[in-house]
Amino acid sequence: MTAAAAAASIERTALVRAAQTGDPAAIEGLLAACQTDARRYAWRHCQASDVDDAVQESLLVIVRKVRGLKAAAAFSAWLFTVIRRECLKLQRAMFRHEPLDDETAERQLASRSDGALRLDLTHALESLPAHYREVVLLRDFEELTIAEIAERLGEPPGAVKSRLHRARALVREYLLGGDATIPPP
């Protein structure tokens, strides 16, 4: 660990201890100090559309529960655990809805011009996490088989199929304006 990293770690630990006493300035400083790490971690564990919500909810949990943290030095691990839980909550909430039927989705997509649809598809692919985007590009643009993709990525074919299915569902959701689901009756 470099001297600068060690100093930053000591500073953050002091900030956590001050926040545990309820000091508003320390809490604000702590949230500002950990927001970048929180966003970076959320990008790895959440759907792209859930990152902001996961970070915001996680920071609220931190504010409410920082006093109960037993070891200030464990703050980073605790922060990442909170973020991971929020990502899972958001992911579970996403599946509590029934998907639009294919006919309705097709009508919505057919009403767009080719240029607009092409642009929307580009944005949808760019919004995917890298591991999802990679399988879509390999399958749908390079036209590789599932077995070829699995071999190239060093992954089991079942994992590739699952990732491809999830990636296509995210693209569909994006193309349908985030409204790929409707609440159950």
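**Figure 1. Cover over the buried residues of helix H7 in the predicted model.** The elements that cover the buried residues of H7 include helix H6 (114-127), H8 and H9. Those buried residues are Tyr132, Val135, Val136 and Leu138. Viewed down the axis of H7, they fall within an arc of 170°, so they line one face of the helix. Ala130 and Phe141, on the other side of H7, are exposed. The end C-alpha atoms of H7 are 15 Å apart, which agrees with the 16 Å that its 12 residues should span at 1.5 Å a residue.

**Figure 2. Glu143, in the loop between H7 and H8.** Helix H7 (130-141) and helix H8 (146-153) are joined by a loop that contains Glu143. Glu143 is not a glycine, yet its phi is positive, at about 55°. The residue follows H7. Glu143 has a relative accessible area of 62% and is therefore exposed, the cut-off being over 50%.

**Figure 3. Leu170 of helix H9 and its contacts.** Leu170 belongs to helix H9 (residues 157-175). Its relative accessible area is 11%, so Leu170 counts as buried. Leaving aside neighbours within four places in sequence, Leu170 is in contact with Gln47, Leu128 and Tyr132. Tyr132 is one of the buried residues of H7, and H9 is among the elements that cover the buried residues of that helix. Gln47 lies 123 residues from Leu170 along the chain, while the C-alpha atoms of the two residues are separated by 8.6 Å.

**Figure 4. The disulfide of Cys46 and Cys87.** One disulfide is found in a search of the whole structure. Cys46 and Cys87 form this link, with their sulfur atoms 1.7 Å apart. The pair connects distant parts of the chain, 41 residues apart: Cys46 is in the loop between helix H2 (24-45) and H3, and Cys87 is in helix H4 (residues 75-94). The angle about the S-S bond is -85°, and the link is left-handed. Both ends are buried: Cys46 has 5% relative accessibility, and Cys87 has a relative accessible area of 4%. A further cysteine, Cys34, is also buried, with a relative accessible area of 0%.

**Figure 5. The buried face of helix H3.** Helix H3 runs over residues 51-65 and has 15 residues. From its first C-alpha to its last, H3 reaches 21 Å, close to the 21 Å expected at 1.5 Å a residue. Val51, Ala54, Val55, Ser58, Leu59, Val61 and Ile62 are buried in H3. Seen down the helix axis, the buried residues of H3 fall within an arc of 155°, so they line one face. An α-helix has 3.6 residues a turn, so residues three or four places apart point the same way.

**Figure 6. Ser58 within helix H3.** Where does the side chain of Ser58 place a polar atom relative to the backbone oxygen of Ala54? The two atoms lie 2.7 Å apart. Ala54 and Ser58 are both among the buried residues of H3. Ser58 itself has a relative accessible area of 0%. Not counting residues up to four places away in sequence, Ser58 touches Val82, Ile83 and Glu86.

**Figure 7. Ile10 of helix H1 and Ala73.** Ile10 lies in helix H1 (residues 3-20). With 61% relative accessibility, Ile10 counts as exposed. Ile10 and Ala73 are 63 residues apart in sequence, and their C-alpha atoms are 8.6 Å apart in space.

**Figure 8. The whole protein, for orientation of the close-up views.** The protein has nine helices and two strands. Along the sequence they follow the pattern α-α-α-α-β-α-α-α-α-α-β. Of the 185 residues, 32% are buried. Among contacts with a separation of 6 or more, 64% are between residues 24 or more positions apart. The protein exposes about 11,500 Å², and carbon and sulfur atoms supply 54% of this area.

How values were computed:
Residues are numbered from 1 along each chain as its sequence is written. This is a predicted model: local features need pLDDT of at least 70, side-chain atom pairs count only at pLDDT 80 or more; totals for chains, interfaces and linings use all residues. Side-chain values use heavy atoms; hydrogens and water are left out. Helices (H or I, at least four residues) and strands (E, at least two) are DSSP runs, numbered from the N terminus. The expected span of a helix is 1.5 Å times one less than its number of residues. Buried means under 20% relative accessible area, exposed over 50%, partly exposed in between (1.4 Å probe, protein chains only). The arc is that of the directions from the helix axis to the C-beta atoms. A polar contact is a pair of N or O atoms within 3.5 Å; within protein, one must be able to donate a hydrogen and the other to accept it, and residues adjacent in sequence count only if both atoms are side-chain atoms. Contact means heavy atoms within 4.5 Å. Accessible areas come from the Shrake-Rupley method with a 1.4 Å probe; for residues, only the protein chains shown count as cover. A disulfide is a pair of cysteine sulfur atoms within 2.5 Å.
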